[in-house]
Amino acid sequence: MILDDGGDLTHWIYKKYPNMFKKIKGIVEESVTGVHRLYQLSKAGKLCVPAMNVNDSVTKQKFDNLYCCRESILDGLKRTTDVMFGGKQVVVCGYGEVGKGCCAALKAMGSIVYVTEIDPICALQACMDGFRLVKLNEVIRQVDIVITCTGNKNVVVREYLDRMKNGCIVCNMGHSNTEIDVASLRTPELTWERVRSQVDHVIWPDGKRIVLLAEGRLLNLSCSTVPTFVLSITATTQALALIELYNAPEGRYKQDVYLLPKKMGTPPLQPCLGLGYRCSMS
């Protein structure tokens with residue numbers, strides 16, 4: 001069995017040990033990036049084992065992605081930069097569950113929050129939640145903090161990094177460490193200055209500097225603690241998915257990507273965590 005986050009282990013075994021990959025009984029994947037990679041393998045006819053998509057279960061999307069990120073984004077930024085959020089202009093790239101959590105936390109702290117989003121439904125949700133939808137190149141010169149939450153690659157490229165204001169904080173909350181084009185910053189004309197663990201100042205020839213956190217890796221896993229209660233919900237969901245794949249009778253799951261059965265991914269706790277309501281678990 002493979003228990004994966006981001007598809008890295010699956011991709012490594014598929015590339016390095018193809019014979020071993022064919023003998024695997026099942027794969028359980030919990031992230032947007034990893035599920036996307038599994039669907040790519042399936043579409044190409046190269047996925048020779050059944051895989052379970054835990055990412056799209058309610059317990060993962062609504063709890064880990066939304067509520068966990070809503071708390072850990074503030075914790076990660078405070079621990080690394082001691083920034084004051086009130087009045088800061090922040091652009092959040094992506095308004096999926098992670099983006100929603102980040103925006104809610106920053107708005108509650110008094111930040112002015114802009115959102116970039118290519119999905120029309122998520123973009124409409126951002127509007128209905130009171131956020132201003134922008135293109136990144138429209139606000140990149142004025143914002144104080146840039147946060148990527150897309151799971152995509154090259155969201156913040158060198159062109160945008162060059163145009164950022166002095167002291168701008170740049171960080172990533174999406175799984176993929178390629179959302180910020182960090183490789184383009186490793187050039188002779190730019191100076192890197194390590195300020196503290198997980199915090200680098202990247203300095204331009206004119207003296208301008210940006211504050212890059214965790215070298216573009218996941219901010220909450222690199223720079224903050226993550227609430228164990230929320231993680232335990234995701235871990236339990238993954239364990240149930242492993243058990244389901246392992247114990248499934250022959251023929252139930254073919255060589256494809258499956259959504260976690262709804263009975264395993266429907267929690268009773270969302271009103272308690274999300275809106276502060278008192279719940280009875282009777």
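This passage walks through a predicted model, from its central sheet to selected side chains and loop residues. Local features are reported only where pLDDT is at least 70 and side-chain atom pairs only at pLDDT 80 or more, while totals for chains, interfaces and linings use all residues. Residues are numbered from 1 along each chain as its sequence is written, and side-chain values use heavy atoms, with hydrogens and water left out.

A good place to begin is the sheet. Eight strands are arranged in an open sheet with mixed pairing, in the order β6-β5-β4-β7-β8-β11-β10-β9. Here helices (H or I, at least four residues) and strands (E, at least two) are DSSP runs, numbered from the N terminus, and two strands pair if DSSP finds at least two bridges between them. The edges of the sheet are taken by β6 (132-133) and β9 (191-196); each has a single partner strand, so one side of each is left without a neighbour in the sheet.

Strand β4 (residues 89-93) deserves a closer look. Of its 5 residues, 4 are buried, so the strand is largely enclosed by the rest of the structure. Buried stands for under 20% relative accessible area, exposed for over 50%, and partly exposed for values in between (1.4 Å probe, protein chains only). Strand β4 runs parallel to β5 (residues 112-116), to which it is joined by 5 bridges. Within this pairing, V91 has Y114 of β5 as its bridge partner, and V90 stands opposite V113 in β5. Between these two strands the chain passes through helix α5 (residues 97-108), and the resulting β-α-β crossover is right-handed; that is, with the strands pointing away from the viewer, the path from the first strand over the helix to the second runs clockwise. Strand β4 also runs parallel to β7 (residues 145-148), with 4 bridges joining them. There, V90 has I145 of β7 as its bridge partner.

Attention now turns to R158, which lies in helix α8 (residues 158-163). With a relative accessible area of 18%, R158 counts as buried. Its side chain makes a polar contact of 2.7 Å with the side chain of D162 and another, of 3.1 Å, with the side chain of E189. A polar contact is a pair of N or O atoms within 3.5 Å; within protein, one must be able to donate a hydrogen and the other to accept it, and residues adjacent in sequence count only if both atoms are side-chain atoms. Leaving aside residues up to four places away in sequence, R158 touches D181, S184, L185, T187, E189, L190 and W204, where contact means heavy atoms within 4.5 Å.

One of these neighbours, W204, also has a charged partner: K208 lies over the face of W204, 4.0 Å from the ring centre. In a similar vein, the charged end of R186 sits over the ring of W192, at 4.1 Å from its centre. For such an arrangement, NZ of Lys or CZ of Arg must be within 6 Å of the ring centre and within 35 degrees of the ring normal.

Aromatic rings also meet one another, and a search of the whole structure finds 5 aromatic pairs. In the pair of Y14 and F21, the ring centres are 5.4 Å apart and the planes lie at 75°, so the pair is edge-to-face. F21 is buried, at 1% relative accessibility. Y253 and Y258 form another edge-to-face pair, with 4.9 Å from centre to centre and 75° between the planes. Rings of Phe, Tyr and Trp (its six-membered ring) pair if their centres lie within 6.5 Å; planes under 30 degrees apart count as stacked, over 60 as edge-to-face and the rest as tilted. Y253 is buried at 16% relative accessibility, whereas Y258 is partly exposed at 22%.

Y258 is also touched by R252, as is E244, not counting residues up to four places away in sequence. R252 is found in the loop between α10 (228-247) and β12 (257-259) and is partly exposed, at 45% relative accessibility. A polar contact of 2.9 Å links the side chains of R252 and E244. Although 202 residues separate R252 from P50 in sequence, they are 9.7 Å apart in space, C-alpha to C-alpha.

Finally, two loop residues have a positive phi without being glycine. D82, in the loop between α4 (58-81) and β4, has a phi near 55° and is exposed, at 54% relative accessibility. E215 has a phi of about 50°; this residue lies in the loop between β11 (209-213) and α9 (219-223) and is partly exposed, at 26% relative accessibility.
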